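Colleague: Could you give me a close look at one part of this model, and then link it to the rest? I'd be glad of a connected account rather than a list.

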Number of protein chains: 2
Amino acid sequence: MVGDQPAAIQPRYTQPPARVVSDDEIEAIHVASLEVLKRTGIDILHADARERLAAAGARVDGDRVRFDPEMVMEHLATIPSSFTLHGTAPHRDLVIGDGHIVFSSVASAPNYVTLDGARRAGDRDGYRDFLRLGQMLNAVHMFNGFPVEPVDLHPSIRHLETAWDAYTLSDKPFHIYSLGRDRNLDGLEMARIARGVDHDTFEAEPSLCSIINASSPLRYDDPMLEGIIRMSERNQVIIITPFTLAGAMAPITLAGALVQQNAEALAGLVLTQVVRPGSPAVYGGFTSNVDMRSGSPAFGTPEYAKAAIAGGQLARRYDIPYRSSNVSTSNVVDAQAGYESAWALWGAITGGANMVMHAAGWMEGGLHASYEKMVIDADLLNMVSKFLEPLVVDESTLAVDAIDRVGPAGHFFGDEHTQSRYTSEFLSPMVSDWRNWESWQLAGSPDARTRANALARELIAAHAEPGLDDAIRAELREFVDRRVAEGGVATDF
Amino acid sequence: MVGDQPAAIQPRYTQPPARVVSDDEIEAIHVASLEVLKRTGIDILHADARERLAAAGARVDGDRVRFDPEMVMEHLATIPSSFTLHGTAPHRDLVIGDGHIVFSSVASAPNYVTLDGARRAGDRDGYRDFLRLGQMLNAVHMFNGFPVEPVDLHPSIRHLETAWDAYTLSDKPFHIYSLGRDRNLDGLEMARIARGVDHDTFEAEPSLCSIINASSPLRYDDPMLEGIIRMSERNQVIIITPFTLAGAMAPITLAGALVQQNAEALAGLVLTQVVRPGSPAVYGGFTSNVDMRSGSPAFGTPEYAKAAIAGGQLARRYDIPYRSSNVSTSNVVDAQAGYESAWALWGAITGGANMVMHAAGWMEGGLHASYEKMVIDADLLNMVSKFLEPLVVDESTLAVDAIDRVGPAGHFFGDEHTQSRYTSEFLSPMVSDWRNWESWQLAGSPDARTRANALARELIAAHAEPGLDDAIRAELREFVDRRVAEGGVATDF
């Protein structure tokens, strides 16, 4: 099974991204967001962050921080347009930006659906199985958070044991949640130990991500700001992602929601550069719409895809890597889950996203993770990679001689032009079932979810630890044991 | 329910289409296809067609017809870049080309799945219910063939009774199969009667389509060629569509399959213009790949989407309206059906298709039609229409004042900027279920297929005949009765 997957590669864009608005309109959104930053400003609920921003030229009035356009643009200019994110194994290194794409696992779901079909609150068993499955799927490049939150681990030590699990069960790059200074410091140290490098090398080689969400509208909370400071000062990766639901926490018009998304994103990005010029940061867009009948959020909608493409246009305006997501509102792995995810993915990919988060396994608007969906999404991600392979046009592929050889009413199966290519020319999907009706009936008429369930079981069972170096493993365990013995972190935040 | 659908509009492109190859590479494919037409040629299995082509400058050798590039380009130049296709009700008129999109129903499935879940051979009851459902769905603009083939109607009179059903149950434009001269002539006359116009008006106003498939590789069969002659001489719409499965009836390389698709398409298109310069014709692309393990065709694949986009580039090279399709290989309305259709649709739409065939209801690689899929696809088509609505960027939509009014930690629900727009800003889908887990569980955990089944039943039950003028109805019935009494058409072809 595992050998049947396409190899673990990072797909690259070979064609220019799509646009949903003109360059002039992007400029109008940009200018409007600068106006918001100057006139309305952002609440920055962290004294040190306010002081740093003030020292860099921002105007501070209580919690409110206002930014002049020149100051914003000056700091955006130091964000690298691309960088390498390091895994604990060198072959897991990823390029962020420069036309490359990274797919990261579903993250932060509070619940999951077991392989027996029960929906339950996240636990460590589930968390570990998602790590195993994500490690086994070549299409999943990294973990940008816990696939599911293991609430059976006490919050004081959860960040320690989850990182232990991540570095022992997987060698793909990992993420820490910015939930207070001590968690950030522990996470940074564990990432350094897991990579087996000294502090200087760790700071020279970004090896850890943290997602920073604005509390839309127009506010950053203390732990998020602390996370920016702790991560950026060590030259680690900050992914700024306002979560702007048009009609709820943002204006109902997509243009307005994008103005707000952009204002919030720029404020967070500026702070990364105030903390450490040149530190790696990613522009995240997560603008979707709500169901105006119920107020429920909706994902994988036409509005979502349009905002995803516009978000890419904005990120490129600043030459910063762009993060989007693969999302679905569906409660069950049905046709809706399939088409919403395909819509979100096409929005991300035609929009030129460099990092697709929640790329495999996200269901129910993020409220549960699904093993079956993770496998199905891996098929979708492999489809994206195949789609992005250049369509080669040369004398051999144009096949004028083969067409002449076969001629009217002939067949190409037997021709040498076909025979020399037939094993590699097309993607062989894992889940998609192309059997005819009769064969499929004989096999018990399994739908995509049923097939994905069987594959998920196989892949999890086939998982082997990637083999962290013994000394590193011991040092990492020792660190966790010591910090657990110390009581972990305070949980009164 | 019906009132909950978005209005019946034709979506339009506001942004340039995507490309998967460069303009130079499109030119290389074009040149290679001209080489195929000149060197290898096409088998044209119809004496009159060969004579007409010879008179226009083609070289005929037995059945084989070879075309010089100059002759091809001269005739392509007379194809209109856009035209109006007329329905029996004026508000059903459709623009083909000029940046507009038409969505047509699933067509030509030999089987269908009943609303009770049984897969069976097509019959008139099923055919009529698909017409009713397609008539009720605003997203379905026309019928490009029988949604399902009613094999319980004798082949000698099937074309007559099916057209009767189509013109009485729907006022959306219809299609005839080119299966011999007499069927074409009957179909043309019924279309004219149904429109209530004289022969001159009928010829001035294209009102009927016929799909013409090449018998790939490089052959057109007698009834298809007869169809081109009968339809084009009356200025009706010919949609030339080679069905080129890479690795089977076409080269395994997409470039090669596109060369063959293009050569076959150009040959058919040239004949339409030889028959009547300026007659309306559409460039159809239907290049997909086969599963190289089994030889089974596959649809909604990455290769399919790539070929769909390249096909649009080719059609625009000649300034001819472009037809693509919404396809899926799946046997059941599951996640695979959802993502394959979304992939095919995105390929069509980012590729700039002007006519999306099989846009609603196509399953199992075309081997069965599905009511549930038709309703789900209508949701997808409405998503496409919403996605293509311009993202308006102006002072009002940028919402800088609203953002300032609401401020940090506020909420936009109550703001006037939201209140004045909340009923119309976002698409309200028919099938997509955005309820939270608890509400959805209380409702019985219906998946998309279950919800679509209920909607299909409602819509079919709510169908009312659109009300053909009494005199037209009588004339149409009289025509059918007379032709049935005459024995219909010979069935010995």
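Modeller: Happy to! One term before we start: a helix here is a DSSP run of H or I with at least four residues, a strand is a run of E with at least two, and both are numbered from the N terminus. Please keep in mind throughout that this is a predicted model.

Let's take helix H10 of chain B, which covers residues 302–317. Its 16 residues should span 22 Å at 1.5 Å a residue, and the end C-alpha atoms are 23 Å apart, which agrees. H10(B) is largely enclosed by the rest of the structure, because 14 of its 16 residues are buried. For burial, the cut-off is 20 or more other C-beta atoms within 10 Å of a residue's own. Just after H10(B), B:Asp319 takes a positive phi of about 60°.

Other residues of chain B also have a positive phi. B:Ser108, which is not a glycine, has a phi of about 70°. B:Ser108 sits in the loop between strand E6 (102–105) and strand E7 (111–113) of chain B, and it is buried because 21 other C-beta atoms lie within 10 Å. B:Glu364 is likewise not a glycine, and its positive phi is about 55°. The loop that holds B:Glu364 runs between strand E19 (362–363) and strand E20 (368–370) of chain B. With 24 C-beta neighbours inside 10 Å, B:Glu364 counts as buried.

The loops of chain B also include a cis peptide bond, between B:Ser216 and B:Pro217, with omega about 0°. B:Pro217 belongs to the loop between strand E10 (208–212) and strand E11 (219–220) of chain B. In chain A, a cis peptide bond joins A:Ser216 and A:Pro217, again with omega about 0°.

Now for H10 of chain A, residues 302–317, and its partner across the interface. The axis of H10(A) comes within 8 Å of the axis of helix H12 (residues 371–388) of chain B, and the two cross at roughly 40°. That makes H10(A) oblique to H12(B). The crossing is right-handed. From H10(A), the residues A:Pro302, A:Ala305 and A:Lys306 meet B:Met383, B:Lys386 and B:Phe387 of H12(B). By type, the residues of this contact divide into 4 nonpolar, no polar and 2 charged.

How does that sit in the wider interface? Across it, 104 residues of chain B are in contact with 104 residues of chain A. Helix H11 (residues 335–350) of chain B gives the most to the side of chain B that touches chain A, with 10 residues. That side of chain B is made up of 57 nonpolar, 27 polar and 20 charged residues.

Chain A offers a helix to set beside H10(B): H6(A), residues 181–195, has 15 residues and reaches 21 Å from its first C-alpha to its last, close to the 21 Å expected at 1.5 Å a residue. H6(A) is mostly covered, with 11 of its 15 residues buried, among them A:Leu188, A:Met190 and A:Ile193. Its buried residues are covered by elements of chain A including helix H5 (158–169), helix H8 (222–233) and helix H18 (470–485). Just after H6(A), A:Gly196 takes a positive phi of about 70°.

For contrast, consider A:Glu438 in helix H16 (residues 437–442) of chain A. A:Glu438 counts as exposed because it has 8 C-beta neighbours inside 10 Å.

Key: Residues are numbered from 1 along each chain as its sequence is written. Chains are lettered from A and ligands numbered from 1 in the order in which they are written. This is a predicted model: local features need pLDDT of at least 70, side-chain atom pairs count only at pLDDT 80 or more; totals for chains, interfaces and linings use all residues. Axes are lines fitted to C-alpha atoms, for helices over the stretch in contact, and angles run from 0 to 180 degrees between N-to-C directions. Angles under 35 degrees count as roughly parallel, over 145 as roughly antiparallel, 65 to 115 as roughly perpendicular and the rest as oblique. A crossing is left-handed if the near helix is turned anticlockwise from the far one by less than a right angle, and right-handed if clockwise. Two residues are in contact if their C-beta atoms, placed from the backbone, lie within 7 Å. Ala, Val, Leu, Ile, Met, Phe, Trp, Tyr, Cys and Pro count as nonpolar, Asp, Glu, Lys and Arg as charged, and the others, Gly among them, as polar. The expected span of a helix is 1.5 Å times one less than its number of residues. A residue is buried if 20 or more other C-beta atoms lie within 10 Å of its own, exposed if 12 or fewer, and partly exposed in between; C-beta atoms are placed from the backbone.
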